[in-house]
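Trainee: I am new to this structure and would like a close look at a single part of it, the loop residue with the unusual backbone angle, together with what surrounds it. Could you take me through that part slowly and then place it in the rest of the chain?

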Amino acid sequence: MKKQRKYLLVRVAAYLLLAGCVLYGLYSSPYNPHPQSPEDIRRWVTGFGVWAPLIYIGVYTVRPLLFFPTLLLNLSAGVLFGPYWGVLLVLTGGLGCASFCYLLGRFGGGRWFLDNFGGRFGDKLTEYLVGAGSFTKMLWLRTVPIFPYDPVSIIAGSVRLPYRIYSSATLLGMLPGAIAYNFLADAFGTPRFYMALGVTLVAFGVPLLWWTKSQAGTGWSWKRYLQGRRRNHE
């Protein structure tokens, strides 16, 4: 048992070292522009001419490896392509990124990591996402703004959530935010800005309030999880 544990730790260390080297190489690459504002992304993407939409989708798809801020990519779509095409490109790129992270979790050792290190938390994640009402639960995770996008995607792949359910809930859940971000970006510097800002707050605030009052929010609360852990130790 001790030998197996040692072998397991060596595998984890080797995997993390390899992943760290790849990420560092991509981050320090001279082709990575390290954008600080939507304008930085606009200048970089428009330099590709007619290929700009495809470049935008490609960058969004592999965004976790490039350390591109999601907020800047969402806002820059409206600046680059206008609010209507921007919504379509944000949804396409967002689904590409979600699929990329899902595949990382499914085929990159996510299930193995949960089985060996997840413990009860890993079991709870699996039960929550793969149990009854998977589509609704995944939709909440995409719509409510408090859940981190990439970890949720990796976990969904790790627990083998069916891709059909995952992708459809992801697209539907991203739609309010994609619309809000693009019209907000298009309204910068115009009298419509405060109205667009209000729409953005509603797009994220209403799902959050609804979730806290719904059965989904009650069923996945840190308070209940911690109470369960406390009872198990007593």
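Mentor: The residue to begin with is Arg160, which is found in the loop between H8 and H9. Please keep in mind from the start that this is a predicted model, and that every value I mention is computed from it. Arg160 comes just after H8 and takes a positive phi of about 65 degrees, and the residue is one other than glycine. Most residues other than glycine have a negative phi. As for its surroundings, Arg160 has a relative accessible area of 37%, so it is partly exposed.

On one side of this loop is helix H8, which covers residues 149-158 and whose buried residues are Asp150, Val152, Ser153, Ala156, Gly157 and Ser158. Asp150 deserves a pause, since its side chain meets that of Arg63 in a salt bridge, with 2.7 Å from N to O. Arg63 lies in helix H4 (residues 63-66) while Asp150 belongs to helix H8, so the pair ties together parts that are 87 residues apart in sequence. Both partners, Arg63 and Asp150, are buried, and by the rule applied here the count of such bridges comes to 1. Side chains of opposite charge can pair when their charged atoms come close.

On the other side of the loop is helix H9, and Tyr163 lies in it. Tyr163 counts as partly exposed because its relative accessibility is 37%. When its neighbours within four places in sequence are left aside, Tyr163 is in contact with Leu95, Ser99 and Tyr102. With Ser99 the link spans 64 residues along the chain, although the two C-alpha atoms are separated by 8.5 Å.

From here we can step back to the nonpolar cores, where H9 appears again. The largest nonpolar core has 23 residues, and those with the most contacts inside it are Ile41, Val45, Tyr56, Leu73, Leu80 and Phe81. At least two residues of this core come from each of H2, H3, helix H5 (70-107) and helix H9 (163-186), and H5 gives the most, with 12 residues. Tyr56 shows how such a residue is surrounded: apart from neighbours within four places in sequence, its contacts include Val45, Leu73, Leu80, Phe81, Leu89 and Val90. A second, separate core of 16 residues includes Tyr102, Leu129, Phe147 and Val152, and two of these names have already come up, Tyr102 as a contact of Tyr163 and Val152 as a buried residue of H8. In soluble globular proteins, nonpolar side chains tend to be buried together.

Another helix to look at is H7 (residues 134-143), which is mostly covered, with 7 of its 10 residues buried. Those buried residues are Ser134, Lys137, Met138, Trp140, Leu141, Arg142 and Thr143.

Some nonpolar side chains, by contrast, are found on the surface. Phe48, Val50, Trp51 and Leu54 form a nonpolar patch there, with about 480 Å² of accessible area together. Val50, from this patch, lies in the loop between helix H2 (38-46) and helix H3 (52-61), and it counts as exposed because its relative accessibility is 76%. Trp85, which is found in helix H5, also counts as exposed, at 58% relative accessibility. The C-alpha atoms of Trp85 and Pro53 are 9.4 Å apart in space, while the two residues are 32 apart in sequence.

For the chain as a whole, there are 12 helices and 0 strands, and 40% of the 234 residues count as buried. Of the contacts with a separation of 6 or more, 74% are between residues 24 or more positions apart. The accessible surface comes to about 13,900 Å², of which 69% belongs to carbon and sulfur atoms.

A careful reading should end with confidence. The chain averages a pLDDT of 75, and 67% of the residues score at least 70. Confidence is highest in H3, at a mean of 91, and lowest in helix H12 (residues 222-233), at 46. Over residues 220-230 pLDDT stays under 50, and for this stretch the model has 11 contacts beyond four places in sequence. Where pLDDT is low, the predicted coordinates should not be read in detail.

Technical notes
Residues are numbered from 1 along each chain as its sequence is written. This is a predicted model: local features need pLDDT of at least 70, side-chain atom pairs count only at pLDDT 80 or more; totals for chains, interfaces and linings use all residues. Side-chain values use heavy atoms; hydrogens and water are left out. Buried means under 20% relative accessible area, exposed over 50%, partly exposed in between (1.4 Å probe, protein chains only). Helices (H or I, at least four residues) and strands (E, at least two) are DSSP runs, numbered from the N terminus. A salt bridge is a side-chain nitrogen of Lys or Arg within 4 Å of a carboxyl oxygen of Asp or Glu. Patches are made of residues with over 30% relative accessible area and no salt bridge: like charges are joined within 9 Å, nonpolar side chains (Val, Leu, Ile, Met, Phe, Trp, Tyr) within 5 Å. Accessible areas come from the Shrake-Rupley method with a 1.4 Å probe; for residues, only the protein chains shown count as cover. A nonpolar core is a set of buried Ala, Val, Leu, Ile, Met, Phe, Trp, Tyr and Cys residues joined through side-chain atoms within 4.5 Å. Contact means heavy atoms within 4.5 Å. pLDDT is the predictor's confidence in each residue, from 0 to 100.
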